[in-house]
Amino acid sequence: MPRATLPVERLKPEALRSYRWFGPDDLRSFGHRSRFMQMGFGPEDWRGKPVIAVVNTWSDVNQCHSHFKQRVEDVKRGVLQAGGLPLELPAISLSEPIVKPTTMLYRNFLAMETEELLRSHPIDGAVLMGGCDKTTPGLVMGALSMGLPFIYVPAGPMLRGNWKGKVLGSGSDAWKYWDERRAGNVSDSEWAELEGGIARSHGTCMTMGTAATMMGIAEAIGLCLPGSSAIPAPDAGHPRMCAASGRRIVDMVWEDYTPKRMLARINFINAIAAAMAMGCSTNAIIHLIAMSRRAGLDVSLEDFDAASRKVPVLANIRPSGDRYLMEDFFYAGGMPGLLKRIEGFLDLQALGVSGKSLGEDLQQAQVHIDDVIRPLDQPIYAEGALAVLRGNIAPDGVVIKPSACAPHLLKHTGPALVFDDYASMKVAVDDEALEVTADHIMVLRNAGPLGGPGMPEWGMLPIPTKLVKQGVRDMLRLSDARMSGTSYGACMLHCAPEAFIGGPLALVKTGDLISVDVAARSIHLQVSDAELAQRRAAWRAPEKRYERGYGWMFSRHILQANEGCDFDFLETSFGAPVNEPDIY
């Protein structure tokens, strides 16, 4: 395997990409310079300096990024300190709780926008400002495809939630207390108090949800400064990290330190190991596969399952852990501390944006609180956070998070209770006459990439009210949807191929027995091949979701979950770049 390579010499100013816009003595460059002067810039701002795009996903409707309006100024300050010219380029914001039907429908939109923003402007390098779930992979995918030097700035987690002296974790405690409310154990006034106490500051979810997972993965790959991914958003260290990132990207441009020169497959394999030790969100699989394929350095479901067999869960952070949140993780040593604990599973030759190898970056790393980041011999879960099951119902895989499941459900056979859409399921689960037991396996289909559309986070199917009142808090659930990384429970997700395109999940009937064995990595529908063939002959494809617009394009080009849900026409390797734009 070829090793990533360190930069060897600095560029000349005439070799900067932005020189094509500003340097020539011709009419077109006259126009570029004069229009910049129209905005108050002078030649001293751009002449002989790298132009740095600050791709900012701030908006008034993105709670995770509400501080980016100020943090962008800290990034710019760092760029200016290092002798670059920062230009803020806003991109679609993608607020996870607010955007409907799901931000996953628009992750590739953000990737396309990021790539084209960088390509079409006089940009030499980029700082990517993200954090809310799909913004990290969307920004990184676009920047990888463009191929310019870039550095990622994570938004950071919010502060711990609080209610009556109890520590609350976003998402995880919402699901927990919602079940208690449905069981009659939480009053309306208490529910209102919870609503006001669970999210107390700007920043991402402070559980190990998808946002924290993807920020940590970005650091483990080497795409952001060491130690940056877990800094709480309100911490004074956060603006300092933003400025440091601005300074570093200027040097990366002069070094011509592109993703192609920095990244190798080992960066992504390291990130998978880190994800397992984190107790990561199931969404990590889809996003890491998509990012690796944009880099031409594919990882697969098999890589995740191999890591899950050997890397234990060490981060005692909810929902896999039982007590701590991301603020505690930061105080305990953050991602450098976790990587130090698992360095025996890592390739320490991997390079990062620091310009150093991972081994060099981890030399001073320490863990300060062992109960938050456990020693290898005291894991919170002996195997990795995720497992990939296969069988006749999921030939291309289905994902489960065993570290967040009730142990007795890891080997189970039960009858299916099938729902064709979320709306009918939502009505049914509140019907106390519903014929369901804790042994049933709830099945939701037509909720995948095409069926959702966009593969919404519907996979944590609510336990029927009838069972909640009986004290049931977990049961097996199966779907072609995703679930929030803040969720927990025995949910089998990303079933591929999805039902909407005729995957085997489309053929399941209520009452069919399904056998699950996580240790054996198997899931089996106990229906004969002959019966399944008859059902397939009778199956009819659902009506298409879109006939125009972005959704029309999405529905014709989206890949399945096991392939990362990218658009088929965007999966280009480093060997197949789009040409630079002509300037005439």
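The following conversation covers the cysteines, pockets and unusual backbone geometry of a predicted model.

Reader: What should I know about the model before we begin?
Author: This is a predicted model, in which local features need pLDDT of at least 70 and side-chain atom pairs count only at pLDDT 80 or more, while totals for chains, interfaces and linings use all residues. Residues are numbered from 1 along each chain as its sequence is written, and side-chain values use heavy atoms, with hydrogens and water left out.

Reader: How many disulfides are there in the whole structure?
Author: The search finds 0 disulfides, a disulfide being a pair of cysteine sulfur atoms within 2.5 Å. Cys205 is in none, and the nearest cysteine sulfur, that of Cys64, is 5.9 Å away.

Reader: And why is Cys280 without a bond?
Author: The closest cysteine sulfur, in Cys405, is 13 Å from that of Cys280, which is too far for a bond.

Reader: Is Cys280 buried or exposed?
Author: Cys280 is buried, at a relative accessible area of 0%. Cys205, at 25% relative accessibility, counts as partly exposed. Buried means under 20% relative accessible area, exposed over 50%, and partly exposed in between (1.4 Å probe, protein chains only).

Reader: Moving to pockets, how much space lies in the largest pocket?
Author: About 1300 Å³. A pocket, on a 1 Å grid over the protein atoms alone, is an open set of points where a 1.4 Å probe fits, with protein on both sides within 12 Å along at least five of seven lines; lining residues have an atom within 4 Å of a point. The volume is the space filled by probe spheres set on the points, which are joined across faces, edges and corners.

Reader: Which residues lie nearest its centre?
Author: Of the 49 lining residues, these are Gly171, Ala174, Trp175, Glu457 and Ser484.

Reader: Which helix gives the most to that lining?
Author: α7 does, with 7 residues. Helices (H or I, at least four residues) and strands (E, at least two) are DSSP runs, numbered from the N terminus.

Reader: Now the backbone: where are the cis peptide bonds you would point to?
Author: One joins Lys100 and Pro101, with omega about 5°; Pro101 is in the loop between β2 (85–90) and α5 (107–120). Another runs from Ala496 to Pro497, with omega near -5°.

Reader: What is the phi of Asn446?
Author: Asn446 has a positive phi of about 65°, although it is not a glycine. Asn446 is buried, at 16% relative accessible area, and lies in the loop between β10 (441–444) and α19 (465–468).
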